[in-house]
Amino acid sequence: MPDFPSDLPPMAPPPTLPRQRRRYARILDVAAGFARKGLDSVVLSEVAAKADVPLGTLYRYFPSPTQLMLALYRKQLGELSLGEWPDGGRAPAHALVGAVMEIFHMRLMQPAVEQCLTRAVYAKDTDTTGLLRDIDATAEKAVTVVSGDPAVSRVLLLTVTGLVQGVRSRRLSLFEAEEDLKKACSLLTGGGHR
């Protein structure tokens, strides 16, 4: 597995014009199919061809497969529709399990995204660090909506990371990881032991 590149070229900001936004969205939609493979099999020229956009356009927004996969995951996290709960109250326990399980499955089913996340380091003044910070904030916000507690959200997201790695290394079955994630949600929200 190659080392994580810390000196990637800069990305252009997401577009604001409607036609450009449609191209940008098309690139990310096509990238989702590539995310199901390993990062080494994400070929930007193939993504551009399938998205029917010029290769130069793709490179302007995503100069590397790493940036493309991280931007895709950020978009997917932003699309999690968890909603607000009435009167600022707590969400039902199953809503928290559902939200965390959704993030777990997104990471597990997208090896290219997961490889970017596990190889990533925060390096000063890089696009990748900006993407990682956005991803961390978006994931925490999504889980906090249903947990009501940012600390609980951070612990659950770290648990997701460990469980994904456990399944990937075949130390845990998918079923075991899912059960452990449910137990973690229960324990962290005062649901007791099983």
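The chain has 9 helices and 0 strands in this predicted model. Read from the N terminus, its elements follow the order α-α-α-α-α-α-α-α-α.

Some totals describe the chain as a whole. It has 194 residues, and 43% of them count as buried. Its accessible surface is about 10,400 Å², and carbon and sulfur atoms make up 54% of that surface. Among the contacts with a separation of 6 or more, 72% are between residues 24 or more positions apart.

Helix α2 can serve as an example of how one element sits in the chain. This helix covers residues 44-51, and its buried residues are L44, V47, A48 and A51. How do the buried residues of α2 fall when seen down the axis of the helix? They lie within an arc of 100°, so they line one face of α2. The general geometry of such an element fits this pattern: an α-helix has 3.6 residues a turn, so residues three or four places apart point the same way.

The other side of α2 can be looked at next. There, A49 and K50 are exposed, which for a residue is a relative accessible area over 50%, whereas buried is under 20%.

What covers the buried residues of α2? The cover includes three helices: α1, residues 18-35; α3, residues 55-61; and α4, residues 65-79.

The end of the helix has a further detail. D52 comes just after α2 and takes a positive phi of about 55°.

Conventions: Residues are numbered from 1 along each chain as its sequence is written. This is a predicted model: local features need pLDDT of at least 70, side-chain atom pairs count only at pLDDT 80 or more; totals for chains, interfaces and linings use all residues. Side-chain values use heavy atoms; hydrogens and water are left out. Helices (H or I, at least four residues) and strands (E, at least two) are DSSP runs, numbered from the N terminus. Buried means under 20% relative accessible area, exposed over 50%, partly exposed in between (1.4 Å probe, protein chains only). Contact means heavy atoms within 4.5 Å. Accessible areas come from the Shrake-Rupley method with a 1.4 Å probe; for residues, only the protein chains shown count as cover. The arc is that of the directions from the helix axis to the C-beta atoms.
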